[in-house]
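Student: I would like a close look at one part of this model. Please take me through it in one connected answer.

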Amino acid sequence: MAKKREEDKLNLDTILFKCRDILRQARNSGSFFEKRDMMLTLVFLRFIGEKFEDGVENLRKTLIEQGLDPDDEEIRAAFFDDATFTDGTYNLPVEARWSTIINMPAPNLNVALDTALNSIAANSKQLKGCFVEGTFTTRNLAPNDIKKIVDEVNKINHKSFGEEKDLIGRVYEYFLKEFAVNATKEEGEYYTPHDVVQLIAAMIEPFDGTLYDPCCGSGGMFIQSAELVKAKQGDISRINVYGQEKEPATHRLAKMNLALRGISHNLGETSDSSFTHDLHKGLYFSYIMANPPFNLKGWYDENLKNDARWVDYTTPPESNANYAWILHILSHLKPLDGVAGFLLANGALGDSDTLEIRKKLIRKDKVEAIVILPRELFITTDISVTLWILNQNKKGGSYHGRNLRNREHEILFMDLRTWSENPVKGESKKKVRLITEQIQKAADIYHTWQSEGTDGTEYAVPELYRSVSRGEIEKQGWSLIPSKYIEFIDRDLDIDFHAEMSRIQVEMRDVLEQEKQAQRLLEYAFRGIGYGID
């Protein structure tokens, strides 16, 4: 029983807190970012080592099923010395295996870890450039400190925490929270919660073709989408991912994360801004998913003044990149059938300085759905967030086994702000999440609206969703704020005001009478005390 209680206490945040505590007290542990990168690299080595061990075990089982002895010297030489795995598992040299690292004497650990990283990079084209030279030997933590951290990381594995979880992403999120809880959007980096990614993926269904994220962070969008593809289709090779990331450390992390999952990807040779150096210029994608920095300042460059991405609209305001992201995303969507789902701050729904761009987007029929999300979904911001869906084909046809109707000149508005009944426990500030049933319900609302047999003019549920015509949006000054279109029930209309006021007046008289009685009692008490003294 005691053992079970100990296992119940084992959770990712507890392990990471211990690691952070060790690093905080250790000499030479470096800046926050260096601590974070050391931890993420260690977790990567742990996971790639675990996957290798699983691959070897599965290979042994396969050989036994075929009547071969995996312990026979000739069989080992033929199948294990240069093993190939069909699921993208890397064949690690001895020095890069976790079993080697975890058994290394503490004084040799820093060198052993860098040796493992160099060996992996030298043997993998995809992982080349993912690691900072001398990550561990440069810091050269004391043997006792690095040994404690390695032992803690050894507790993190998919067997304990679930094969389906993006554990590298969770580690990344943990360190972002420690840094960014009190940071502005421009100071920190943001990790998109799993439930939000799942919502976007469930709605636009990126099952095949190409998927692009212009600000891909640690690659969480790709990983969650791949999980959805596996659940629906069973074959992640049906989708190829493309991305770009400005921050060098996060770019390296994304490459590690995707390589570990065996996901085919092209994140470019370097980290850079999607605005000033578009690494995938001229390419068009089936799906785009993104969580750009909200209300980003400092994005503009004079060379972007007449950029082709906004030549058909107008140049987005220099003070805020929200519409620059929209137009960048639109420029990469396949012209005939591309679909995009991305997050923006709610201000983008009705900003006056972007009115002309918004008007053209609506007139060109690019906007398909606007979904207001619950507050407190993100640990790093309290800002209210909107999911935008752009679609290059609103004319209808077959899509993922569904027959879609013509939705031209219609936009679906949804407001999910009341879906806040599922709190996340153990966070340092209030946070809620969307559960599977809610994600499916939101996707069903959207997909039903798209499908043949639905009358868009009548598609509405008060306080939740409504299909709106372009003519009505024009009358509202081209605003995309859902509350201008979704009916909100005025429950005050059901109140009998005369009866209610009479009730309130009676209650007030009772309260006043009680106060008078209390005052009289106090006066009697004071008089009695006075008489006693005299």
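How many bridges join strand E1 (residues 209–213) to E2, and do they run parallel or antiparallel?

Tutor: This is a predicted model. Strand E1 (residues 209–213) is joined to E2 by 5 bridges, and the two strands run parallel. Within this pairing, Leu211 is the residue that stands opposite Val241 in E2.

E2 itself covers residues 239–243, and its side chains alternate along the strand. Ile239, Val241 and Gly243 point to one face and are buried. Asn240 and Tyr242 point to the other face and are not buried. Val241 therefore falls under the 20% relative accessible area that defines a buried residue.

E2 also pairs with strand E3 (residues 265–266), again in parallel, through 2 bridges. Here Val241 stands opposite His265. Val241 thus faces Leu211 in one pairing and His265 in the other.

These strands belong to an open sheet of 10 strands with mixed pairing, in the order E3-E2-E1-E4-E5-E7-E6-E10-E12-E11. E3 and strand E11 (460–461) are at the edges with a single partner strand each, so each has one side without a neighbour in the sheet. Elsewhere in the sheet, strand E6 (residues 367–372) and strand E7 (residues 385–391) are paired in the antiparallel sense over 5 bridges. In that pair, Val371 has Leu387 of E7 as its bridge partner.

Now the chain leading into E1. Helix H10 (residues 194–204) is mostly covered, with 9 of its 11 residues buried. Among the buried residues are Asp195, Val196, Val197, Leu199 and Ile200. The run from Ala201 through Ala202 and Met203 to Ile204 is buried as well. Just after H10 comes Glu205, which takes a positive phi of about 55°.

Glu205 is also one half of a salt bridge. Its partner is Arg402, and the closest N and O atoms are 2.8 Å apart. Arg402 lies in strand E9 (residues 402–404) and Glu205 in the loop between H10 and E1, so this pair ties together parts that are 197 residues apart in sequence. Both Arg402 and Glu205 are buried.

The structure holds 14 salt bridges, and two others can be set beside this one. Lys394 forms a salt bridge with Asp365, with 2.9 Å between the closest N and O atoms. This pair also links distant parts of the chain: Lys394 is in the loop between E7 and strand E8 (397–399), and Asp365 is in the loop between helix H14 (355–363) and E6, 29 residues apart. Lys394 and Asp365 are both buried.

The other is the salt bridge between the side chains of Asp151 and Lys147, at 3.4 Å from N to O. These two residues are 4 residues apart in helix H7 (residues 143–153), so about one helical turn separates them. Asp151 has a relative accessible area of 32%, so it counts as partly exposed. Lys147 is partly exposed too, at 23% relative accessibility.

To return to the part you asked about: E2 is joined to E1 by 5 bridges and to E3 by 2 bridges, with the side chains of Ile239, Val241 and Gly243 on its buried face.

Conventions. Residues are numbered from 1 along each chain as its sequence is written. This is a predicted model: local features need pLDDT of at least 70, side-chain atom pairs count only at pLDDT 80 or more; totals for chains, interfaces and linings use all residues. Side-chain values use heavy atoms; hydrogens and water are left out. Buried means under 20% relative accessible area, exposed over 50%, partly exposed in between (1.4 Å probe, protein chains only). Two strands pair if DSSP finds at least two bridges between them. A salt bridge is a side-chain nitrogen of Lys or Arg within 4 Å of a carboxyl oxygen of Asp or Glu.
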